[in-house]
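Me: I keep running into words like "buried", "paired" and "edge" in structure talk. Can you show me how they get decided?

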Amino acid sequence: MAGATQPGPPASGRPGNGPNAGWKPVAPALADAARYGLIAGALAFPILALRAEPDFSNKLVLQPRWSWMLFAALGAFLIRLVFALAPARAARPKPTAAEAPSAGARTATKAFAAFGLGIIVAWPFIVLLTLGPSGALKWIDNYGIQILIYVMLGWGLNIVVGLAGLLDLGYVAFYAVGAYAYALLATNYGVSFWLCLPLAGILAAFWGILLGFPVLRLRGDYLAIVTLAFGEIIRVVLVNFSALTNGDAGIASIPRVTFFGLPFVAGPKGFAAWFGIPFSPIHRVVFLYYLILILALVTNLVTLRLRRLPIGRAWEALREDEIACRSLGLDTTKIKLTAFSLGAMFGGFAGAFFAVRQGFVSPSSFNFVESATILAIVVLGGRGSQIGVAAAAIAIVGGSELLRELDFLKQVFGDNFDPTQYRMLLVGLAMVVMMNWRPRGFVSSRSPTIFLGERRAISADLVQEGRG
Amino acid sequence: MEVFLQQLINGLTLGSIYGLIAIGYTMVFGIIGMVNFAHGDVFMLSAFIALILFLALQQFLGIDALGASFVVVMIVSMALTGLWNFVIERLAYRRLRGSFRLAPLISAIGMSIFLSNFVYVAQGPRNKSAPPMFGEVIKLTSGGSYDVTLSYKQILIVVVTIVLLAAFWFVVQKTPLGRAQRACEQDAKMAALLGIDVNRTIAATFVIGAALAAVAGVLYMLYYGVVNAADGFVPGVKAFTAAVLGGIGSIPGAVLGGLLIGLIETFWSAYFSADYKDVAAFSILAITLIFMPTGLLGRPEVEKV
Amino acid sequence: MTTLLRVEHLSMRFGGLMAVDDLSFDVRRGDITALIGPNGAGKTTVFNCITGFYKPTSGRIAMSPQGAIDGARLDALTRSGARGGGGLYLLERMPDHEITREARVARTFQNIRLFAGMTALENLVVAQHKPLMRASLFSLAGLVGAPSFRAAEQAAKDKARMWLDRIGLTRRADDPAGALPYGDQRRLEIARAMCADPVLLCLDEPAAGLNPKESADLNALLRSIRADGTSLLLIEHDMSVVMEISDHVVVLDYGRKIADGAPAQIRSDPSVIAAYLGVPDEEVAAVEQEIGA
């Protein structure tokens, strides 16, 4: 990137001659914080302080809310004051190759992964036992299934972004292809979910090849923008091609998932009757949970396997240096296409699952923010690391689900206060903060795929991120 | 023929707005090699600021003279939007400069999500309809099947765009700031070694880009008379398309690309289908990048082996 | 000795600049051929044309991995419009990766292009992509862990190990390539290119930045590669390397060939001396030698 240098510290508010340790003098910190407060106040002035609301004749009338502006200024002032007064941290030394995780750390990671997997497998029963069937529903559905969908999408996109180093901002298009494939086949032709699931994956992979073929010779941000454009084109087509997709209204009453043919319904032909247990709606949710868990684990397993095969090594080589790849006889277009279409395939599987879980699909589920969220999961997880991606999915999706629980704030701020409005606001802010905090993501070292002596992790400083 | 002429006028008006936004993309990309994803939302924010300022002048100060309030609104929104973008660069991008390529992109996407939701929360989800302004029209032809009209708004938009572009061109070509910008674009490290304050130059680039986006925001608000918190994304992507079409990094290219995108969009809507006008714009983006990645006026990039 | 690679009337134009102008020369099997010339003479451009990174403006580049280049058959192939046939390839018609795979030309780069975040061993295994991919049945056999694939993978590992032994990097096999010292990276890049099984190895300034000891080691390595039956084409600035190991020297200046012959012949060629020194000024010579020009 062009602006790699930062000559000298920024002029604003850093008393450069003071001692590094210990608390800083109060007066300059106050002045500095006051400046921040003023700026925040100025920023808040029209947009927060005055709200334009239409009156009865639909004419806009300004409602002053000067207190909001005051809060913004005060908040910035206080936050800055705390930062300015806090003892300066010693500059962190840059990690070097020698400090890459040792074998001991790796076994620890493995143990942690096994423990985590155990929790995840037992999760529905843990919550069922602690909260009972009615309380558990939300925890299995919103916090279990929802997160696992994103884990799977993250792992799928990780093949493209993390391994092959290709920037894809339109990944949600393949998710949409999978979802609509199942929705249309099931509602129009009555094809069963179990047949549609592989079909959705194949269709998405096919679209991946179709879209990938012309664009994969582009590099970097250009590829990102073109994939974004394709994602949007697919969405706009879904909105406008009403004859097939029913437009914005979407496709409703998509057949629900069955236990390999046994529907989850009350009555003699249902799942519960077959197994002789009392009917409960939770059966279907628990089944969906394990279904997405298996799908996600298959994605992970295939990715881990492929990484150790020539194709996976070619992906990573491509990320490291495309020109060198070409000089070694690797057909980079084909290699990119395999990564792109394989990632798309897993997106398609996830899409079919999404459709069968919701029973309803509409274009609004496949907007750009979805793509951005999935990419953020991959980047925050630390491109290429499977565990990191899973952790990031839990943090981002779980975190944003937790924000739905802010309903109690209504009692504080009154009924007009809608906490879900703040959800995306905080998600956006979190993306900024997390990137500034960990630009390389949670797990940034790389584990070699083949070794002579011992497998040693490779420090992130050396791993390239790809220009494609 | 009448339809064609009318669409030409409409397209040039719309294209002026896209061109103004596109400059912000192209300058930031030129100087730090980053797609400033939040730029479209900065533009949307400025349209809101302009709307509120208009209403404030009317309702609190009782100023009804449109011309005077237009000038005031324009200047204040340029300043405020510039300040916004200055703060955004400082908080969300500066630390990430020279870091992993994806980190600033994700940060910018996060900022884009934040800004649109911030406006959504602050101003509510509903469309805001501005009071009609400069609504008079001039009939260019009459008697035919269709009257071709040119509204005062459209004249205003094109004139303001031309004046500001001239001023901006002067800044980039003739002032020390413009020289510093072009130097940083070529080689930031070398520029720093020669005593150019790179941080300040980049900050200035963001401020200027935002000021031009603010002009676009004011004009957009005037032209359509409606703003919404979700209005940043699509115009943003189209302006980026314009920047790419013109050749990213090239300022005349951004303007040319903006005009072309505006024309393509209006003609497509008039002759084919308004539903798919976004598809037309996005397809142009894809086709340009695939077949002409350097755009119309961009510098060819020779692959170094 | 037979001709392995024939460059005929090769021209490459960048806008108004004629980087290579009507260049013709032969590379003979079993030779170390050196391409020399002052900075900006167009040497790397010639390499990029041979290895398919640039499409030449005009000219013909013929390669015969196994047999010899026969004029009549070459003309027939050119007329047919095909990329290659009967063991003969026209490189200007082929994409870069096919040149390596089919015509068996491999190369290194002036600025080392290793896979920095992959280990030395991984670098060498990636270069054996083609046989491994075939053995993994395009990943299907590999996914299920078929024994035939495991055997192929072991063979690839053995070959990589053999090369690591030859370049003295066995101990560092599991270290990331980007962490190796500069001289080791140069040798590793050569070993990686050799793992792609070339008949002709093109080296772009292999001795640049090496100290005298490393330079001598490099000469030995290049000789041993030639002894094993791979021909070499190298760009080099270091005259001591050129004079010591090459069998045949081609001199370029401003994109044109100004001399072509055995090292001893080149050394005394007045046009070469003029091109390198401009004027017979000892000081310029000393300075140019120092900066490696």
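**Strand β3 and its sheet**

Reply: Sure, let's start with a strand: Ile32(C), Ala34(C) and Ile36(C) point one way from β3(C), Thr33(C) and Leu35(C) point the other way, and all are buried. Keep in mind that this is a predicted model.

Me: What makes strand β3 of chain C "mostly covered"?

Reply: A residue is called buried if 20 or more other C-beta atoms lie within 10 Å of its own. In β3(C), residues 32-36, 5 of 5 residues are buried, so by that cut-off the strand counts as mostly covered.

Me: How do you know that β3(C) pairs with β9(C)?

Reply: Pairing needs at least two bridges between the strands. Here 4 bridges join β3(C) to β9(C), residues 231-235, so they pair, and they run parallel. One example is Ile32(C), whose bridge partner in β9(C) is Leu232(C).

Me: And what joins β3(C) to β10(C)?

Reply: Again 4 bridges, and these strands run parallel too. Set against the cut-off of at least two, that makes them a pair. Thr33(C), for instance, has His248(C) as its bridge partner in β10(C).

Me: Why are β7 and β11 of chain C called edge strands?

Reply: The open sheet has 6 strands in the order β7-β8-β9-β3-β10-β11 (chain C), with mixed pairing. β7 (105-107) and β11 (256-261) each pair on one side only, and that makes them the edges.

Me: Which strands does helix α9 of chain C lie across?

Reply: Helix α9(C), residues 212-227, lies across β3, β8 and β9 of chain C, running at about 145° to β9(C).

Notes: Residues are numbered from 1 along each chain as its sequence is written. Chains are lettered from A and ligands numbered from 1 in the order in which they are written. This is a predicted model: local features need pLDDT of at least 70, side-chain atom pairs count only at pLDDT 80 or more; totals for chains, interfaces and linings use all residues. A residue is buried if 20 or more other C-beta atoms lie within 10 Å of its own, exposed if 12 or fewer, and partly exposed in between; C-beta atoms are placed from the backbone. Two residues are in contact if their C-beta atoms, placed from the backbone, lie within 7 Å. Axes are lines fitted to C-alpha atoms, for helices over the stretch in contact, and angles run from 0 to 180 degrees between N-to-C directions.
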